[in-house]
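Student: Could you take me through one part of this protein in close detail? I would like to look at the charged side chains inside it and how they pair up.

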Amino acid sequence: MKFILNSISRVALCLIFTANVQAQVTTKDSVTVAQDTLKPKMVPFGLRVGIDLFKLSRSTFDSNYKGIELVGDFPVTRKHYVAVELGNEKKTVQEDHLNFTTKGSYIRAGFDFNGYENWTGMNNQIYVGLRYGFSTFSQTLNSYSIYYPNSYFPTPVLSSNTEFNGLTAHWTEVVAGVKAALFPNCYVGFSFRLNYLLSQSQLKAASTPEAFESLYIPGFNRTYDGKFGVGFNYTISYTIPLFKVKVMDAKQLEAKRIAKQEAKMKEEMEREQRRATKKKT
């Protein structure tokens, strides 16, 4: 938890520092706007790829967990991004009456909308988005115990090692997060996720007539015997420049808007002068 809070603080400080510097420079430059600032600039765009540091660190201090997640996004417009996450997880869970291991891979794909106004050439994000997730995995029931109410004797633990293969799950996610530039083309960020399970395979052993659902799904996390789940990631990523496009930042767009207004006002004044001249003649 301390690692997560420290990570969030670093990203927030990066965004605050960027916003303060941007505000100071904008104030200085707003006194006079040169004509050449109205020209669009060539800005590099490309594929941003990274890795989830939270899963990597968790794999080192949690002996019951191993996982890795690769992330990527690509700008469609200045505000909209296509986003994809690929991962693999293995987790052993100890419940009151059972112990099981889940392992498998997953993919999440969707889009993000960036609500942060950047300088030209910058790509910081305060975003919300949607994802569709799909996971294929297996579960192994390591051991279990039978629940006896009002029992005065210890409940024996029974070994099982029953494996369920070929399981699948589908879900959707609502995502909210932040990405801030740490160095040129290098970004750190975090995101929170609310998941809703659409469907999953039923677990059924040959020795038991009843089927039951998975308690942990790779990429979705704990199901808590319901449809909803939550998630978190802390990423570091790098943008690979692929091409350049012509863009104008907020200051340039504002200057262009003011120039258009002044030209319109000048045109109206000239029109009024011509009308006044016609009336005199």
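Tutor: Let's begin with Glu69, which counts as buried because its relative accessibility is 0%. This is a predicted model, so please read each value as computed from predicted coordinates. The partner of Glu69 is Lys55: the two form a salt bridge, with their closest N and O atoms 3.5 Å apart. Lys55 lies in helix H2 (residues 53-61) and Glu69 in strand E2 (residues 65-75), so the pair ties together parts that are 14 residues apart in sequence. Lys55 is buried as well, since its relative accessibility is 8% and the cut-off for buried is under 20%.

Now move along to Glu85, another buried acid, with a relative accessible area of 4%. Which arginines does Glu85 pair with? One of them is Arg131, with 3.2 Å between the closest N and O atoms of that salt bridge. Here the link is between distant parts of the chain: Glu85 sits in strand E3 (residues 80-94) and Arg131 in strand E5 (residues 125-145), 46 residues apart. Arg131 is itself buried, at a relative accessible area of 4%.

Arg193 also meets the side chain of Glu85 in a salt bridge, at 3.0 Å from N to O. That pair links strand E3, where Glu85 is, to Arg193 in strand E7 (residues 186-200), and the two residues are 108 apart in the chain. With a relative accessibility of 7%, Arg193 is counted as buried.

If you step back, these pairs belong to something wider. A network of salt bridges links Asp52, Lys55, Glu69, Glu85, Arg108, Asp112, Arg131, Glu173 and Arg193. Across the whole structure, the search finds 15 salt bridges.

For contrast, try Lys91, which is also found in strand E3. Is Lys91 buried or exposed, and what is the nearest side chain of opposite charge? Lys91 is buried yet has no salt bridge, and that nearest side chain, Asp62, is 4.2 Å away. The cut-off for a salt bridge is 4 Å, so the separation of 4.2 Å between Lys91 and Asp62 does not qualify. Setting aside residues up to four places away in sequence, Lys91 touches Arg58, Asp62, Asn64, Tyr65, Phe100, Thr101, Thr102 and Tyr216.

Val174 gives you another way to look at this region. Val174 lies in strand E6 (residues 157-183) and counts as partly exposed, because its relative accessibility is 48%. Beyond its neighbours within four places in sequence, Val174 is in contact with Gly129, Leu130, Phe192, Arg193 and Leu194. Among these is Arg193, the residue that pairs with Glu85. From Val174 to Asp112, the C-alpha atoms are 9.9 Å apart in space, while the residues are 62 apart in sequence.

Finally, here is the setting for all of this. The protein has 3 helices and 10 strands, arranged along the sequence as α-β-α-β-β-β-β-β-β-β-β-β-α. Of its 281 residues, 38% are buried. Among contacts with a separation of 6 or more, 67% are between residues 24 or more positions apart. The protein exposes about 17,100 Å², and 62% of that is supplied by carbon and sulfur atoms.

How values were computed
Residues are numbered from 1 along each chain as its sequence is written. This is a predicted model: local features need pLDDT of at least 70, side-chain atom pairs count only at pLDDT 80 or more; totals for chains, interfaces and linings use all residues. Side-chain values use heavy atoms; hydrogens and water are left out. Helices (H or I, at least four residues) and strands (E, at least two) are DSSP runs, numbered from the N terminus. Buried means under 20% relative accessible area, exposed over 50%, partly exposed in between (1.4 Å probe, protein chains only). Contact means heavy atoms within 4.5 Å. Accessible areas come from the Shrake-Rupley method with a 1.4 Å probe; for residues, only the protein chains shown count as cover. Lys and Arg count as positive and Asp and Glu as negative; His and the chain ends are not counted.
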